[in-house]
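Take a walk through this structure, one element at a time. Keep the sequence at hand as you read.

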Amino acid sequence: MKLLILALLPLLASSLTTPFKAELKKTAEQLIRPGYGLLACDESTGTVGARLEGIGVENTYENRATWRELLFTTPNLNKHISGCILFEETLFQDGAVSGKPHVTVLNENGIVPGIKVDMGLKPLIGGGPGETWCSGLDGLFERATDYYKQGARFAKWRTAVRIDTAQGLPTNLAVEEAAHGLARYARICQEAGLVPIVEPEVLIDGTHSIEETAKVQERFITLVYQKMEASGCYLEGTLLKPSMTVSGVDCPNKPKPAEIAQMTVQTLQRCIPPAMPGVTFLSGGISEEDASIYLNEINKIDRKGPWALTFSFSRAQQSSCIKVWGGKKENVEAAQKQLLARTQANSEASKGAYVPGSQPSDEESLYVKDYVY
């Protein structure tokens, strides 16, 4: 009988005993302190290159370094930004103008360097149409150890599921695979001293309603934390980076910001453990201004969860900035002021104090079908 009972119990990994445990908790808390959020600059060489080419700038190593340096040397960026998520190239790169390592610039300004560690999405064999799985677990501990030595103190791993009710998406296989990968990544990174930001994205591609999004998101995030518990993750040393609970981009019935906020908070309260210290929302193709407005509404709602609700935006903080810059030296100052304006807007929104339209923004939709980071 005892053997039968033991066989029915879930097999859990040993709890985290790494010497980094106290540091992980401290770093996580530093990243989500009141009024602060993250600047995501972790686009791949090809993706950031497409943005550069969109303003008439050639995709070269030097131009990528110049663009990153513009972002990181923005005066007073550290008043709103606590950490920057970097691509591997950027973590080891020097600024094109100053020659100073990007990591040094960030550290000198009290901004924590982070690193994207996943190796991208690949077709999920056996899954539904267009479903993917996230690669990068092989060799992750060794890479994470090297990233820590280079100065990174947190990491990010993005995986995504898509909704298509007519085709039965997401499939159980896709959700299981995504949750498993996120949990394994989180434990491995903690062993190497990096705070794992767990990013279970629900794509906005499609016609699905906000109610359908909430249903999938709740199922997905709940499973992620079950897998993280089974993997022995130290929740106090982790962060969550979910999408906001919105409808599909082609849904005919668009929810209002207050409805998005209510549904987002409700969904998170149903599936996030209170030990996890903070949520850093992704923007996922939402415009700069809408991302700020949604975050602001979210933070106006009374909630049971003790976790911070802040931002980790990429396109929704850089879109107007890169257009203002246009690749020209004489526009650097104006571009940096534009970046600072959007980070200030999001800082205020993280406290529920943003006044819509009070900061200049690019109102253009940032949605790109089948977007690849």
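What follows goes from strands to helices, then to single residues and the loops. The model is a predicted one.

Begin with the strands. Strand β6 spans residues 154-161. In β6, 8 of the 8 residues are buried, so the strand is largely enclosed by the rest of the structure. In a regular strand, side chains alternate between the two faces of the sheet. Look at each face of β6 in turn. One side carries Phe154, Lys156, Arg158 and Ala160. The other carries Ala155, Trp157, Thr159 and Val161. Every one of these residues is buried, and both faces of β6 are covered.

Which strands pair with β6? Strand β3, residues 112-116, pairs with β6 in the parallel sense, over 3 bridges. Here Gly114 stands opposite Phe154 of β6. Strand β7, residues 195-202, also runs parallel to β6, and 8 bridges join the two. In β7, Val195 is the bridge partner of Phe154. Phe154 therefore has a place in both pairings, with Gly114 and with Val195. Now move along to strand β9, residues 278-281. Both of its faces are covered as well. Gly278 and Thr280 are buried on one side, and Val279 and Phe281 are buried on the other. Strand β10, residues 308-313, runs parallel to β9, and 4 bridges join the two. Gly278 of β9 stands opposite Ala308 in β10.

Turn to the helices. Two packed helices are described by the angle between their axes and the distance between the axes. Start with α9, residues 210-230, and α10, residues 257-271. Their axes lie 9 Å apart, and the packing angle is about 25°. Angles under 35 degrees count as roughly parallel, and that makes α9 roughly parallel to α10. The crossing of α9 and α10 is right-handed. From α9, the contact takes in Ile210, Glu211, Ala214, Gln217, Glu218, Ile221, Thr222 and Tyr225. From α10 come Glu259, Ile260, Met263, Thr267, Leu268, Arg270 and Cys271. By kind, the residues of this contact of α9 with α10 are 8 nonpolar, 3 polar and 4 charged.

A second helix pair is α12, residues 315-325, with α13, residues 332-349. The axes of α12 and α13 come within 8 Å and cross at roughly 165°. Angles over 145 degrees count as roughly antiparallel, so α12 and α13 are roughly antiparallel to each other. The crossing of α12 and α13 is right-handed. On the α12 side, the contact is made by Ala316, Gln317, Ser320, Cys321, Val324 and Trp325. On the α13 side, the residues are Val332, Ala334, Ala335, Gln338, Leu339, Arg342, Thr343 and Asn346. The contact of α12 with α13 divides into 8 nonpolar, 5 polar and 1 charged.

Stay with α13 for a moment. Gln336 is found in this helix. Is Gln336 buried or exposed? Its relative accessibility is 10%, so Gln336 counts as buried. Beyond its neighbours within four places in sequence, what is Gln336 in contact with? The residues are Leu70, Thr73, Thr74 and Pro75.

Next comes Asn296, in helix α11, residues 288-298. Asn296 counts as buried because its relative accessibility is 1%. Leaving out residues up to four places away in sequence, Asn296 touches Glu348, Ala349, Gly352, Ala353 and Tyr354. Take Glu348 from that list. Asn296 and Glu348 are 52 residues apart along the chain, yet their C-alpha atoms are separated by 7.5 Å.

Finish with the loops. Most residues other than glycine have a negative phi, and most peptide bonds are trans. Two places here depart from that pattern. Asn76 is not a glycine, but its phi is positive, about 70°. Asn76 lies in the loop between α4 (61-72) and β2 (81-86). With 39% relative accessibility, Asn76 counts as partly exposed. The other place is the bond between Leu169 and Pro170, a cis peptide bond with omega of about 5°. Pro170 sits in the loop between β6 and α8 (172-191).

One more loop remains, between β4 (121-123) and β5 (132-134), and Ile125 is found there. Is Ile125 buried or exposed? At 76% relative accessibility, Ile125 counts as exposed. Ile125 and Gly151 are 26 residues apart along the chain, and their C-alpha atoms are separated by 37 Å.

Key:
Residues numbered from 1 in each chain as written. Predicted model: local features only at pLDDT ≥ 70, side-chain atom pairs only at ≥ 80, totals over all residues. Heavy atoms only, no water. Axes fitted to C-alpha atoms, helices over the stretch in contact; angles between N-to-C directions. Parallel < 35°, antiparallel > 145°, perpendicular 65-115°, else oblique. Left-handed = near helix turned anticlockwise from the far one by under 90°. Contact = heavy atoms within 4.5 Å. Nonpolar A, V, L, I, M, F, W, Y, C, P; charged D, E, K, R; others polar. Buried < 20%, exposed > 50% of the residue type's maximum accessible area, 1.4 Å probe, protein only. Pairing = 2+ DSSP bridges.
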